[in-house]
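Welcome, and thanks for taking a look at this one. The report below walks through aromatic pairs, the ligand and the nonpolar core.

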Amino acid sequence: MWKLENKKALVTGGSKGIGKATVIEFLELGAEVLFTARNEKEVYSLETELRKNGYKVTGLVADSAKSKDIEKIKDWIEENWKSLDILVNNAGINIRKKANDYSEEEFRKVLEINLIAPFEISRKLYPFLKNSEKASIINVASSAATQDVGTGTPYAMSKAGLLQQSRSLAVEWAADNIRVNSVSPWFTKTPLTEGYLHNEEKMRSILERTPLNRVAEAKEISSIISFLAMDKSSFIMGQNIIADGGMSITAL
Ligand SMILES: NC(=O)c1ccc[n+]([C@@H]2O[C@H](COP(=O)([O-])OP(=O)(O)OC[C@H]3O[C@@H](n4cnc5c(N)ncnc54)[C@H](OP(=O)(O)O)[C@@H]3O)[C@@H](O)[C@H]2O)c1
């Protein structure tokens, strides 16, 4: 029963980090997967590697923040699947600065990719999600959505907005049997955080705040995404699952 057989899934930002771990776990659980990212070389090398293992997987070069690329994703699903069971809005970026140091272009870019794009992708793919008997959207938010964790304000704003986007869409689309939930990781070992986690002082302060005394592996986040994608989680709706090694429950 803990399977994703006969499910068709789209994972945005699937070439690296949490997205890549999700693509692999979905395939291992029996799903057919379409994933996106901007770097062509990385998309096709992952697609080739996974296809060698016999998986039904397609990589599409698409920037979540570009309307024409969202149309490309839509066209691919229309031509190949006609329905979509799982949408993981995972693609995200950060530019870490003090509020007054951002250019308008920089902070708008963070909001565009992390907040606006998931809304636009969910809306554009809604007809396919509606065609699924039971669909599930999982938005990848962050601990930064609910606490100040030094990520910079635009990132925190984008992830806080994403949580409410998930809740509001969950209510609106419940009648269509489309569940919408979020996952909020704390520091996780991925290319996004590589530089930051290599800084000894920063790592020490993260560990001091984290009762489990370590950061997460990408697989520890993809397993939650997989659970929310399964019919096994069919009564979980509009929720945010926090995976933070206990960080948010410590008062000292
Ligand atoms: N790692 C953490 O500690 C952590 C903590 C909390 C939340 N998160 C969230 O988890 C998600 C994944 O993060 P990660 O750490 O796995 O990041 P990552 O290692 O940088 O991977 C991000 C993925 O998204 C793709 N991507 C970025 N911008 C894109 C765009 N505009 N369109 C399409 N694809 C795009 C990247 O490929 P290209 O660059 O080739 O496009 C890559 O495949 C993000 O939403 C992030 O905010 C991460």
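Rings of Phe, Tyr and Trp (its six-membered ring) count as a pair if their centres lie within 6.5 Å; planes under 30 degrees apart make the pair stacked, and planes over 60 degrees apart make it edge-to-face. Please keep in mind that this is a predicted model.

**Aromatic pairs**

With that rule, a search of the whole structure gives five aromatic pairs. Let us start with Trp2 and Phe227: their ring centres are 5.9 Å apart and their planes meet at 25 degrees, so this pair is stacked. Distant parts of the chain are linked here, since Trp2 belongs to the segment before strand S1 (8–11) and Phe227 to helix H8 (residues 218–229), 225 residues apart. Trp2 counts as exposed because its relative accessibility is 53%, while Phe227, at 26%, counts as partly exposed.

How are the rings of Trp76 and Trp81 arranged? Their planes stand at 90 degrees with the centres 4.9 Å apart, so the pair is edge-to-face. Both Trp76 and Trp81 are buried.

There is also an aromatic cluster, made up of Trp186, Phe187 and Tyr196. Tyr196 has a further partner: the charged end of Arg96 sits over the Tyr196 ring, 4.0 Å from the ring centre.

**The ligand**

Around the ligand there are 30 residues, of which Ser15, Arg38, Asn90, Tyr155 and Thr190 come nearest. Here are some of the polar contacts that the ligand makes.

| Ligand atom | Protein partner | Distance |
|---|---|---|
| Nitrogen | Ser64, polar backbone atom | 2.9 Å |
| Oxygen | Lys159, N or O atom in the side chain | 2.9 Å |
| Oxygen | Thr188, polar backbone atom | 2.8 Å |

How much of the ligand does the protein bury? Taken alone, the ligand exposes 880 Å², and the protein buries 95% of that area.

**The nonpolar core**

The largest nonpolar core has 32 residues, and Phe26 and Ile225 touch the most other members. Several elements each supply at least two residues of this core: S1, helix H1 (17–28), strand S2 (32–37), helix H2 (40–52), strand S3 (57–61), strand S4 (86–89), strand S5 (135–140) and H8. Which of them gives the most to this core? That is H8, with six residues.

H8 therefore turns up twice in this report: Phe227 of H8 takes part in the link to the segment before S1, in a stacked pair because the planes are at 25 degrees, and H8 gives the most residues to the core.

Conventions
Residues are numbered from 1 along each chain as its sequence is written. This is a predicted model: local features need pLDDT of at least 70, side-chain atom pairs count only at pLDDT 80 or more; totals for chains, interfaces and linings use all residues. Side-chain values use heavy atoms; hydrogens and water are left out. Helices (H or I, at least four residues) and strands (E, at least two) are DSSP runs, numbered from the N terminus. Buried means under 20% relative accessible area, exposed over 50%, partly exposed in between (1.4 Å probe, protein chains only). A charge sits over a ring if NZ of Lys or CZ of Arg is within 6 Å of the ring centre and within 35 degrees of the ring normal. A residue is near a molecule or strand if one of its heavy atoms lies within 4 Å of it. A polar contact is a pair of N or O atoms within 3.5 Å; within protein, one must be able to donate a hydrogen and the other to accept it, and residues adjacent in sequence count only if both atoms are side-chain atoms. Accessible areas come from the Shrake-Rupley method with a 1.4 Å probe; for residues, only the protein chains shown count as cover. A nonpolar core is a set of buried Ala, Val, Leu, Ile, Met, Phe, Trp, Tyr and Cys residues joined through side-chain atoms within 4.5 Å.
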